Amino acid sequence: MRIALFVTCVNDTLYPGTGRAVVSLLERLGHEVVFSEEQTCCGQMHYNSGYRRDAQRLAVRFVRTFEDADAVVAPSGSCAAMIRDNYPRLGEHGSRLQRAASELAPRVYDLSELLVDVLGVTDVGAYFPHTVTYHPTCHGLRMLRLGDKPYRLLRNVRGLTLVDLPGAAECCGFGGTFAVKNPDVSAAMGSDKARNAASTGAEVLCAVDNSCLMHIGGTLSRERAGMRVVHLAEILASTEREPALA
Amino acid sequence: MSSATFVGMPAFPDAARGATADAQLRHNLRKATGTIRGKRGEVVEELDDWSELREAGRAIKDRTLRHLDRYLETLEESVTAAGGTVHWAADADEARAIVTRLVRATGEREVVKVKSMATQEIELNNALEAEGITAYETDLAELIVQLGEDLPSHFLVPAIHRNRAEIGRIFRERMGAWGVPAPEGLGDDPRELAEAARRHLRQKFLETRVAVSGANFAVADTGSLVVLESEGNGRMCLTLPETLISVVGIEKLVPSWSDLEVFMQLLPRSSTGERMNPYSTVWTGVTPGDGPQEFHLVLLDNGRTDSLADEVGRQALRCIRCSACLNICPVYERTGGHAYGSVYPGPIGAILTPQLQGLQGPVEKALPFASSLCGACYEVCPVAIDIPEVLVHLREKVVDGKRPGPEKAAMAAAEWVLEDPKRLHAAQRAASALRGAVPRRLPGPGAAWTDTRDVPDVPERPFRDWWRDRSRGGRGGEERR
């Protein structure tokens with residue numbers, strides 16, 4: 001299958017390793033990945049912060065870039081949810097943006113959805129000899145309703161030991177601009193999430209969204225908890241020959 | 001014996017700073033919300049048709065709000081026919097004046113109160129006090145709040161921020177000034193505390209001739225009012241006095257008894273986590289020889305029709321004040337209710353208060369941002385209020401009403417960069433050129449991040465450079481993050 005990668009601005013700029021992992025994973029599974037350099041950002045930060053017109057302009061660019069794609073994969077649960085849940089109500093009623101976004105939105109997937117629902121695979125042949133705990137993220141859990149898909153993928157990774165995260169369903173406190181507009185509450189939530197993660201004894205905290213991981217990872221690192229954060233894509237791309245965390 | 005007020009409280013981010021630093025408060029809140037959350041989860045889980053009930057609740061409320069003018073007229077006719085008197089209050093001032101006038105007309109100087117959000121919204125106790133009338137709160141938690149000259153911090157458990165040691169102290173020190181004092185040597189055993197409150201309140205129930213209440217529901221076609229509670233103290237107030245005055249928001253209407261049935265299931269399970277609440281009191285006008293012989297219904301607008309005119313915001317009027325959104329909210333759990341600076345705290349408060357009061361002051365303008373948009377509130381709401389959607393909608397209004405400043409400039413600059421891949425690429429290259437030079441602690445607004453979190457390392461080059469290189473047959477493949 002030919003799959004268009006929407007790498008997302010955060011991954012493109014700060015976490016290119018996640019984008020490379022998606023490419024290597026999907027190619028290993030025999031699919032073609034295309035990347036349009038016209039892509040930039042889904043507009044989530046502007047939309048969530050109340051800057052609707054800015055978000056609309058970014059959505060117009062996104063729709064123009066991806067409208068011909070059969071399937072779009074975004075290695076970020078919150079960006080996938082922004083496009084799927086919010087784009088159809090972002091444009092004015094009856095506008096071209098509303099029509100085009102509503103038509104495109106159902107073909108935009110988070111990585112775990114693409115693998116399990118579209119490509120029908122739960123064992124991707126990965127190898128990752130570490131103890132991992134999974135943080136489901138708010139958008140993954142409550143908007144995309146990923147359910148057990150990420151867990152099924154992780155359970156099939158050879159060498160991986162999956163341990164439960166206490167209080168998994170609770171928000172980590174990132175929330176985009178919330179992290180700087182309400183830094184005290186955000187930090188209190190982040191600190192509780194980091195403590196729960198560290199209590200599992202796992203080496204790695206995994207999620208489908210690097211924004212949440214940037215916040216939790218930044219907190220873990222500041223607290224010297226000795227725990228790594230790794231995007232699901234990087235675990236699934238990891239093999240004996242090309243291991244992540246080498 | 002003045003009642004505290006939310007007026008003049010600091011905006012959420014500032015109020016939250018103190019709250020998050022209060023270890024005792026966070027402990028009390030985590031324990032209390034965790035317990036109620038667990039109970040709610042169990043009794044919702046056991047129903048196969050919860051999602052259908054929730055959808056029915058949403059639909060009934062939406063239909064009622066769509067034809068509110070008609071149902072309100074029906075309610076007025078029904079209440080009047082049953083021997084009650086209906087009063088219309090456009091705002092808090094009018095409502096306070098009506099209630100004060102009605103109490104004065106009885107010649108009484110004291111009223112007992114049933115726990116009510118609407119009377120708190122209009123700060124009725126302060127208004128009565130200014131007229132020399134003392135209002136006694138009779139809900140146990142409201143009593144604790146009143147005796148402590150404190151403010152409520154939760155719909156269902158207004159004293160959730162207090163633990164039993166604090167309650168024992170408040171009873172010992174303050175009860176005597178309000179009536180029957182606490183028994184000698186009162187400790188902090190919950191049974192002892194409840195007994196002290198019972199003795200204190202019993203005197204009020206037996207001696208007070210006027211009661212003021214709110215209502216959970218008002219049934220339009222029969223004119224019946226409904227109060228759901230756990231203690232029975234509300235029923236004492238609703239049945240023993242001679243005069244009953246009920247202040248009810250106009251959105252509390254349901255058309256008929258068959259509609260009410262849906263909410264009698266949704267509310268207790270969402271609120272206290274019970275299948276059925278212990279006391280449900282329903283009254284229809286007055287009944288000769290039984291209960292209050294004079295009944296007044298004050299229907300309160302106070303910003304509700306403004307909210308009704310807002311296509312996105314109006315869903316907040318479906319709220320049945322169950323407090324499930326407070327109990328699930330990770331932000332509320334860490335700050336408690338006072339930080340919201342409004343009678344309605346938590347996620348629903350963050351969308352209701354700015355609509356009822358208008359996006360005027362710093363408190364109202366900060367409330368729509370007092371959320372990480374995690375969506376847990378929407379998931380548990382028994383009438384499916386999409387709270388994150390309304391929060392974003394209200395954020396847009398705040399931004400539209402804002403003068404140009406550093407935030408607007410930064411968001412415009414970010415959009416300008418992100419609108420064009422060439423500009424984004426230039427910004428990425430600039431960031432990579434500075435990698436390693438980013439300090440551990442950022443100055444200015446960046447400190448809000450780096451005070452508690454490390455910043456991520458900027459990579460050597462962005463993803464798009466790797467892709468371009470790879471598609472030209474370059475090094476692609478291996479590289480360090």
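Start by selecting A:Arg61 and A:Glu38: these two form a salt bridge, with their closest N and O atoms 3.4 Å apart. The model is predicted, and every stop below is read from it.

**Stop 1: the pair in chain A**

Colour helix H4 of chain A, residues 52-66; A:Arg61 sits there. Now find the loop between strand E2 (32-34) and helix H3 (44-48), which holds A:Glu38. The two residues are 23 apart, so the pair counts as a link between distant parts of the chain. Switch on a surface. Is A:Arg61 buried or exposed? It is buried, because its relative accessibility is 11% and the cut-off for buried is under 20%. A:Glu38 is partly exposed, at 45%.

**Stop 2: across chain B**

Select B:Glu46 and B:Arg269. They form a salt bridge, and the closest N and O atoms are 2.8 Å apart. B:Glu46 is in the loop between helix H2 (23-45) and helix H3 (50-66) of chain B. B:Arg269 is in helix H12, residues 257-271. The pair therefore ties together parts that lie 223 residues apart in sequence. Check the surface again. B:Arg269 is buried, at 10% relative accessibility. B:Glu46 is partly exposed, at 36%.

**Stop 3: another pair in chain B**

Go to B:Glu131 and B:Arg104. What joins B:Glu131 to B:Arg104? A salt bridge does, with the closest N and O atoms 3.0 Å apart. Look for B:Glu131 in the loop between helix H7 (124-130) and strand E3 (134-137). B:Arg104 belongs to helix H5, residues 92-106. This pair links distant parts of the chain, 27 residues apart. B:Glu131 is partly exposed, with a relative accessible area of 35%. B:Arg104 is partly exposed too, at 45%.

**Stop 4: a network with both chains**

Select A:Asp54 and A:Arg57, then add B:Glu415, B:Glu419, B:Asp420 and B:Arg423. Show their side chains. These residues are linked in a network of salt bridges. Side chains of opposite charge can pair when their charged atoms come close.

**Stop 5: zoom out**

How many salt bridges does a search of the whole structure find? The count is 55 over all chains. Now colour chain B by domain. Domain 1 covers 12-304, and domain 2 covers 421-471. Place a marker at the C-alpha centre of each domain: the two centres lie 53 Å apart. Return to the network to finish. One of its members, B:Arg423, is at a position within the 421-471 range of domain 2.

Technical notes: Residues numbered from 1 in each chain as written. Chains lettered and ligands numbered in written order. Predicted model: local features only at pLDDT ≥ 70, side-chain atom pairs only at ≥ 80, totals over all residues. Heavy atoms only, no water. Domains from an automatic or database assignment. Salt bridge = Lys/Arg side-chain N within 4 Å of Asp/Glu carboxyl O. Helix = DSSP H or I, 4+ residues; strand = E, 2+ residues; numbered from the N terminus. Buried < 20%, exposed > 50% of the residue type's maximum accessible area, 1.4 Å probe, protein only.
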